[in-house]
Amino acid sequence: MPLIAILPGDGIGPEVTAEARRVLDALDLGLDYEEAPVGGAAYFSDGHPLPARTLEVAKRADALLFGAVGDPRCDNLERHLRPEQAILGLRKELELFANLRPARLFPGLEDASALKPEVAGAIDMVIIRELNGDVYFGEKGMRTTASGRREGYDIMSYNEDEVARIARVGFETARVRNKKLCSVDKANVLETSQLWRDVVIEVSAEFPDIELTHMYVDNAAMQLVRNPGQFDVIVTGNLFGDILSDQASMCAGSIGMLPSAALNGSGKGLYEPIHGSAPDIAGQGKANPCATILSAAMLLRYSLGMDAAADRIEAAVTAALVSGARTPDLGGSLTTREMGDAVLKALA
Ligand code: ATP
Ligand code: MG
């Protein structure tokens, strides 16, 4: 029986993962679940954001459904004890280097998008973000300069193997979609980006059927708003991918709609909404659970090969939205639980 580790985490994490769990239960797929604490919740219960017992379950599970981490009460802790270290640790420990973030406008959400309806309607893309390198994992620190001023630094680095493996995920994703890949970098300024571009071009020789383009990240940010319909698959680094995918989410209606998968090539994956713990609305039943429900669908598809069940979940979310079900982020007034109910009703 496949084992799913559920790591609800902080803020709205427990509220949204509970709805995804209800949807999975309704499908009766014969899955096993084990829940474990992570993030600030784990710091308070176990003294560490990624306790050994959570890492043990994560390693044993076939796939992970993750809520969100982040708790303002932890802001002054030493960096290694902060909630965010848990997700960085899981990505590193499980070598989850490829983050797939589909962004598309669901039917009926044209008015929720930050863009004009006719522009927003064309959004259907996958942003592939590298997750194991870049400025997030380079040496970082704080020092005092000769003149006695404080100076913070974070080293940005990528090696060619890291770039090549994420480039391949990009090309392979393009191959099963519309055979177009746009690589986003800042090669006019950054050495890491120059290497990125060189390696992506080298790897492209293995994929002659894919049309490859390159774009600077600042231009990509502009194009995402001006004409998002031009993008199909974007592959980019850890930092640029973080920013561009939040931006794409607003174009697609709400940050509360977008799921993600973090994969390592073995079939195992960690699935989570792209949003964070949203402390400003935590515990109030205002969170949109769709991103997490859609993350559960990605889990079924990518880690368990249960495509039919994944299709059913995605169709149910679409049907719920079409029927007018909306949480406040989409301009409606349903609670998190009521939105979950609407999806369950559409499923039945
Ligand atoms: P992180 O650093 O973990 O990505 P963040 O600082 O980007 O976190 P989020 O927690 O994603 O912030 O929240 C950003 C904004 O979006 C907040 O105002 C939050 O209330 C809103 N938000 C996030 N997720 C949801 C959701 N599922 N439903 C409704 N609103 C949400
Ligand atoms: Mg964010």
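**Exercise 1.** How many bridges join strand β8 to β9, and do the two strands run parallel or antiparallel?

*Solution.* This is a predicted model, in which local features need pLDDT of at least 70 and side-chain atom pairs count only at pLDDT 80 or more, while totals for chains, interfaces and linings use all residues. Residues are numbered from 1 along each chain as its sequence is written, and chains are lettered from A and ligands numbered from 1 in the order in which they are written.

Step 1: locate the elements. Strands (E, at least two residues) and helices (H or I, at least four) are DSSP runs numbered from the N terminus. Strand β8 covers residues 180-185, and β9 covers 211-216.

Step 2: count. Six bridges join β8 to β9, and the strands run parallel. Two strands pair if DSSP finds at least two bridges between them. Within this pair, Ser-183 stands opposite His-214 of β9.

**Exercise 2.** Place the strands in their sheet and find its edges.

*Solution.* Step 1: write the order. Ten strands form an open sheet with mixed pairing, in the order β2-β1-β3-β12-β11-β4-β5-β10-β8-β9.

Step 2: find the edges. β2 and β9 each have a single partner strand, so one side of each lacks a neighbour in the sheet.

Step 3: give the twist. Neighbouring strands are turned by 20 degrees against each other on average, direction ignored; the axes are lines fitted to C-alpha atoms, for helices over the stretch in contact, and angles run from 0 to 180 degrees between N-to-C directions.

**Exercise 3.** Describe strand β1 and its partners.

*Solution.* Step 1: burial. Six of the seven residues of β1 (residues 3-9) are buried. A residue is buried if 20 or more other C-beta atoms, placed from the backbone, lie within 10 Å of its own, exposed if 12 or fewer, and partly exposed in between.

Step 2: partners. β1 runs parallel to β2 (residues 32-35), with four bridges, and parallel to β3 (residues 63-68), with five. Ala-5 has Glu-34 of β2 as its bridge partner, and Gly-9 stands opposite Ala-68 of β3.

**Exercise 4.** Which residues carry the UniProt annotation "binding site", and do they gather at one spot or lie apart?

*Solution.* Step 1: the first set. The unreviewed UniProt entry places a "binding site" on Asp-218, Asp-242 and Asp-246. These span 29 residues in sequence, yet no two of their C-alpha atoms are more than 14.4 Å apart, so they gather at one spot.

Step 2: the second set. The entry also annotates Arg-91, Arg-101, Arg-129 and Asp-218 as "binding site". Here the farthest two C-alpha atoms are 26.6 Å apart, so the residues do not all gather at one spot. UniProt positions are given in the numbering used here, feature names are shortened, and annotations may be inferred rather than shown by experiment.

Step 3: surroundings. Asp-218, in helix α8 (residues 217-226), has 13 C-beta neighbours inside 10 Å and so counts as partly exposed. Arg-91, in helix α4 (residues 84-93), is buried because 20 other C-beta atoms lie within 10 Å.

**Exercise 5.** Describe the shell around ligand 1 and the setting of Ala-278.

*Solution.* Step 1: the shell. Ligand 1 is surrounded by 16 residues, the closest being Gly-256, His-275, Gly-276, Ala-278 and Asn-288; a residue is near if its C-beta atom, placed from the backbone, lies within 6 Å of the molecule.

Step 2: Ala-278. This residue is found in the loop between β12 (269-273) and α10 (290-302). Its phi is positive, about 45 degrees, although Ala-278 is not a glycine. With 23 C-beta neighbours inside 10 Å, Ala-278 counts as buried.
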